[in-house]
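Trainee: I would like to learn how to read a model like this one, feature by feature. Where do we start?

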Amino acid sequence: MTNLRISNSLTRSKDLFKPINPKKIGMYVCGPTVYANPHVGNGRSLVVFDLLFRVLVQLYGRENISYIRNITDVDDKIIEASKQKNTSIEKITTEVTNNFHQNTKELNCLVPTVEPKATEHIEDMIQMIKSLIEKKFAYVNEGHVYFRISEFKNYGKLSNKNLEELQVGSRVEISKLKKNPLDFILWKPALNDEPAWDSPWGRGRPGWHLECSVMSEKYLGKKFDIHGGGLDLLFPHHENEIAQSCSNNSNSILANYWIHNGFLTMKKEKMSKSLGNIETITDVLKRYSGQVIRLALLSAHYKQPLDWNENLLEQSKNTLQKWYELYDEKQNKVENNHTFSILLDDLNTPKYFAKLHELFSLATKGDKNKKNEFNEACRLIGIFNENKETLEKKKNISAKVNEKFILEQIEARIQARKSGNYKLADKIRNDLLKNGIIIEDKLNKTKWKYK
Ligand code: AMP
Ligand code: ZN
């Protein structure tokens, strides 16, 4: 057994991690709702759970871990975005998912074992609702299906609230279809042009909480090790996931460890789309490399709030630049690297960074072992993933050509081709290539990526 300790929201303590089966570790993390390009607050959740995944990989081996991160591609927010932008839902979800993947790559997040999409699991969701209705944990009312909170005895266990407290705290109920204001939706009817699937309760779509219960069970089983997400998901989302899964499977618990990252804030206020105080990862990438952003996001302990500002980014940039002085392309084997153990104490990144600074000073004094140890310790948290040259190149690119410029060039090329000016079209493509941007034509669309 290893000695990884991790803060567990379920027990409200720092617990020793004991996997159900060390050869089959399961981690489920709530992924993005693909209605708008992810902001750096979403990025924090991505990077924190990527770090935890990396730690588990070190301890147990990648082949023994299933890391599932879902994509919510059916949701009220997506429908709303499609109406506002007058764009098809499919176009929005595809573009945002692509952007999300590009961002995770830049932030050097490892690819999860499976990345299931909600829309690919609708039939499984319908089956689960049927089962919940049969077991009296759910009821149907005018094409809506609700989860019956009063039937689930453990409701509030994760968020440490009892039902009475929650009833008092719940907002004045607008829907007359619910028996209890806390009952939550499992299936809702669709309006004319909304995405919809046939079901025994009419055409409609699933409620958001349901997908995670269904997909975690499908890929990890009825009970698994770790469930993660941002702190905002603890209640009601995770509480509702537990209610659905545990009542359906007569289980006492869904996952043994519930881990929540703290908020990324701006001027001390949670970064969120609804407040409008966001900065997308793509926008920050125009000014700083993914490694700088990653370093900044890991600079505070994952449970603590982290305030996002230019100062933090500049500091991280300077640190990274300094650390790169000792960058070694060769990955030398290090005996007894003690640095890693710092992360075993609840992913203590601030202490880990302090140790990196210390190793850096020792290594600059010429200690070869320390230099190797330093390089290994940097790679372990997902930095030093690019050599100096690529990093420099990217820095120059972002200074010269930003996304707006690239999109303008792509549009100019499309127009040139339309008017038969292929010479100009080729020139635009070649000029972009010289700046490290590759463009590709696929199915009447032009996409771009870094060389
Ligand atoms: P969403 O796309 O809104 O469902 O969020 C994706 C993930 O990002 C979830 O785990 C959220 O809890 C997390 N998240 C959203 N906003 C923030 C924030 N400001 N700070 C940290 N995590 C966040
Ligand atoms: Zn979820």
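Mentor: Start with a helix, and keep in mind that this is a predicted model. In α10, the residues L312, L313, S316, T319, L320 and W323 are buried. Viewed down the axis of α10, these buried residues fall within an arc of 130 degrees, so they line one face of the helix.

Trainee: What is the general idea behind such a pattern?

Mentor: An α-helix has 3.6 residues a turn, so residues three or four places apart point the same way.

Trainee: What span should the 14 residues of α10 have, at 1.5 Å a residue?

Mentor: Helix α10, residues 310-323, should span 20 Å, and its end C-alpha atoms are 20 Å apart, which agrees.

Trainee: Now the metal. Which protein atoms are the donors of the zinc ion (ligand 2)?

Mentor: The donors are SG of C30, SG of C212, NE2 of H237 and OE of E241, at 2.0 to 2.7 Å from the zinc ion. Along the chain their spacing is C-x181-C-x24-H-x3-E. C30 sits in the loop between β3 (25-29) and α1 (40-60), while E241 belongs to helix α7 (residues 234-249), so this pair ties together parts that are 211 residues apart in sequence.

Trainee: Are C30 and E241 buried or exposed?

Mentor: C30 is buried at 9% relative accessible area. E241 is buried too, at 0%.

Trainee: How do I judge the geometry of a metal site?

Mentor: Ideal angles are 109.5 degrees for four tetrahedral donors. Here the four donor atoms of the zinc ion (ligand 2) make angles of 75 to 129 degrees, and the site is irregular. To count as tetrahedral, all angles would have to lie between 85 and 135 degrees.

Trainee: Helix α7 came up with E241. What else should I look at there?

Mentor: Look at P236, which lies in helix α7. The peptide bond joining F235 and P236 is cis, with omega about 0 degrees.

Trainee: How many disulfides are there?

Mentor: A disulfide is a covalent bond between the sulfur atoms of two cysteines. The count for this model is zero. Take C378: the closest cysteine sulfur is in C109, and at 17 Å from the sulfur of C378 it is too far for a bond. C378 is also buried, at 0% relative accessibility.

Trainee: Next, strands. How do β1 and β2 pair?

Mentor: Strand β1 (residues 5-8) pairs with β2 in the antiparallel sense over four bridges. D15, in strand β2 (residues 13-16), stands opposite I6. D15 is buried at 15% relative accessibility.

Trainee: What should I check in the turn of that hairpin?

Mentor: Check phi. The hairpin of β1 and β2 has four residues between the strands, and R12 takes a positive phi near 55 degrees. R12 is partly exposed, at 45% relative accessibility. N108 also has a positive phi, near 55 degrees, in a residue other than glycine. N108 lies in the loop between α3 (89-106) and α4 (122-134) and is buried, with 18% relative accessible area.

Trainee: In what order do the strands of the three-stranded sheet run?

Mentor: The order is β12-β11-β13; the sheet is open and its pairing is mixed. β12 (269-270) and β13 (306-307) are at the edges with a single partner strand each, so one side of each has no neighbour in the sheet. Strand β11 (residues 264-266) pairs with β12 in the antiparallel sense over two bridges, and T265 has K270 of β12 as its bridge partner.

Technical notes
Residues numbered from 1 in each chain as written. Chains lettered and ligands numbered in written order. Predicted model: local features only at pLDDT ≥ 70, side-chain atom pairs only at ≥ 80, totals over all residues. Heavy atoms only, no water. Disulfide = S-S within 2.5 Å. Buried < 20%, exposed > 50% of the residue type's maximum accessible area, 1.4 Å probe, protein only. Donors = N, O, S within 2.8 Å, 3.2 Å for Na, K, Ca; no water. Tetrahedral: all angles 85-135°; square planar, octahedral: opposite > 155°, others 65-115°. Pairing = 2+ DSSP bridges. Expected span 1.5 Å × (residues − 1). Arc of directions from axis to C-beta.
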